[in-house]
Amino acid sequence: MDFSVIVTLMGGLGLFLLGMKQMSDGLEKAAGAKMRGILEAVTTNRLMGTLIGILFCAVIQSSSATTVMAVSFVNAGMMTLSQAAGIIMGANIGTTITSQLVSFNLSAYAPLFLFLGVVMTQFMKNGRIKKIGEVILGFGVLFMGLSVMSGSMSALKDSPQVAGLLGGLRSPLLGVLMGTVITAAIQSSSVTVSILLLMAQQGLIELPICFYIILGCNIGACMSALLASLSGKKDAKRAALIHLFFNIIGTLIMYVVLTVAGGFVLDMIVRISGSDPGRCVANAHTLFKICQVIILFPFTEGIVKLTYLAVPGEDKTGDTEFELYYIGSKAMFSPTTAVVEAVRELEHMGALAYENLNRGLDALISLDEEEINRIYEVEKQINFMNHAITDYLVKINQLTLPIDDSMSIGALFHVVNDIERIGDHAENLGDSARNRIRDHITFSDVGLSELREMGAKVNKILEYSIDMFAHNTKEHLQDIMDLENEIDEMERQFQKNHVERLTRNECTAASGMIFSDAISGFERVADHATNIAYALLEEVPDDEED
């Protein structure tokens, strides 16, 4: 066997893998954020989730990316395990679109795709057109690689060693094992099945054993989601196991069917495929997946319960633990959901700052030393999250993100800073409470009432702002604008009232200083809250500095 044939085959495989990755990445960048929005909005039940999973995977050409995204959504608390199961089942069908495209052999059009892709990526200035151009370029590279591989495989079939090795492959179990190992290594069932399809077209491997290799590919495709779930919460691990259990059970069922009625299945697939071996492999891949989903769909809840047996217990919670709750500490999930996870983590950080601000006001009024100590504990957690989330944003900013997400990274850096500053104001209230205890400082009833009144307004604007930022809603936009104006006016009026009380000797200079600092701090918190609310909107108001 000529060594140059092997080199050519490797080159063709390299082009195919490069084209597949570029096409998938380009589709994620161009459509990932919009498809993610659809995924969030319509996965209200398993059937709808399955249909959307098919659509999503068919668009981005990667079941691994789709499944990892579902795992990420579960990790971020945006999707239940039952909903994720529907997405995962749909992705298993959607991933077969790639092998269907390959089976139609569009290699003759590869130069045209390459030319269009190069023109769009090199000469167009519009960012979205460039991303679409990357998809088309990837498509051309993929089919150019297929053409090179097909040519080298036609030479391989003349080699007696290769023909003997592949022709002697008869064991169904070995076929399943081969498919599992190769796909787990490549982390793409689409690539493995496409290569298998070419080998079948060249007569290098017989159809019956192809069917068993396809079954193994289904199991090997679970590797990406399993790896992605390692740094996630227990529900994220369970979501990845849904994918694994679904494919293992589905493979066992189809293995039994092929063992009992393999001849009938082969005849049926050959009949509907027009005797084209490549079309037979692609159709078998699609039909096996569809049958698995139809058979296992009614038992989805059982599969979900099985994951609870494999991963028992619940996650440890508590805002005193120095850890990131949604992002994880070891690895990042899909680039398509990286920003979503950052937003969820910022929402968590914002909730801690909101609670600590309330705790600070209560401590300032009640002088509860236990509450004061708690303020400093939570502030340490907020400071930790500030540094950890900032580091995470730096890392994901170096990834290839969907266009809309990449444009929002800068705003997220500002949100981290705004929330951290709110935490600082809560700590300042704790310091003031300690000073009151140490120096036996008292407040007038009117002063305490004004603190409570302003604190209630600040609570409301902060609550609305975090909700607006985290859920991308404009429901309270006007409320936030009105509240900020009210708080600004309240701060001016209360400062004036404070001076009048000092003049009438109704409060001391020491208490007046603490009061003045507190309401000034509240006004600044309202400014930070407004910045947070507007962070992801296109029109951002002028930031107000501390």
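This report walks through a predicted protein model, from the whole chain down to single residues.

**Ground rules**

Residues are numbered from 1 along each chain as its sequence is written, and side-chain values use heavy atoms, with hydrogens and water left out. Because the model is predicted, local features need pLDDT of at least 70 and side-chain atom pairs count only at pLDDT 80 or more, while totals for chains, interfaces and linings use all residues.

**The whole chain**

The protein chain averages a pLDDT of 82, and 86% of the residues score at least 70; pLDDT is the predictor's confidence in each residue, from 0 to 100. Residues 539-546 are a stretch to read with care: pLDDT stays under 50 there, and the model has 13 contacts beyond four places in sequence for them. Contact means heavy atoms within 4.5 Å.

The secondary structure comes to 21 helices and 0 strands. Helices (H or I, at least four residues) and strands (E, at least two) are DSSP runs, numbered from the N terminus. Of the 546 residues, 53% count as buried. Buried means under 20% relative accessible area, exposed over 50%, and partly exposed in between, with a 1.4 Å probe and protein chains only. Among contacts between residues at least 6 apart in sequence, 81% join residues at least 24 apart.

**Helix H5 and Ser-194**

Helix H5 (residues 96-103) has 6 of its 8 residues buried, so it is largely enclosed by the rest of the structure. The buried ones are Thr-96, Thr-98, Ser-99, Gln-100, Val-102 and Ser-103. Ser-194, found in helix H10 (residues 189-201), is buried with a relative accessible area of 0%. Leaving aside its neighbours within four places in sequence, Ser-194 is in contact with Phe-16, Thr-98, Ser-99 and Val-102.

**Positive phi angles**

Most residues other than glycine have a negative phi. Here are some residues with a positive value.

| Residue | Phi | Place |
|---|---|---|
| Asn-105 | about 50° | just after H5 |
| Leu-367 | near 60° | loop between helix H16 (335-366) and helix H17 (369-396) |
| His-440 | about 55° | loop between helix H18 (403-439) and H19 |

Leu-367 is partly exposed, with a relative accessible area of 27%, whereas His-440 is exposed, at 70%.

**Helices H19 and H20**

Helix H19 (residues 445-471) and helix H20 (residues 477-503) pack at an angle of about 160°, with their axes 10 Å apart. Axes are lines fitted to C-alpha atoms, for helices over the stretch in contact, and angles run from 0 to 180 degrees between N-to-C directions. The two helices are therefore roughly antiparallel to each other, a label for angles over 145 degrees (under 35 is roughly parallel, 65 to 115 roughly perpendicular, and the rest oblique).

Residues of H19 that meet H20 include Val-446, Met-454, Ile-461 and Met-468, and their partners in H20 include Leu-483, Ile-487, Met-490 and Phe-494. The residues of this contact divide into 12 nonpolar, 3 polar and 9 charged. Ala, Val, Leu, Ile, Met, Phe, Trp, Tyr, Cys and Pro count as nonpolar, Asp, Glu, Lys and Arg as charged, and the others, Gly among them, as polar.

**Leu-451**

H19 also holds Leu-451, which is buried with a relative accessible area of 0%. Leu-451 and Ala-518 are 67 residues apart in sequence and 7.8 Å apart in space, C-alpha to C-alpha. Beyond its neighbours within four places in sequence, Leu-451 is in contact with Leu-361, Leu-364, Phe-443, Phe-515, Ala-518, Ile-519 and Phe-522.
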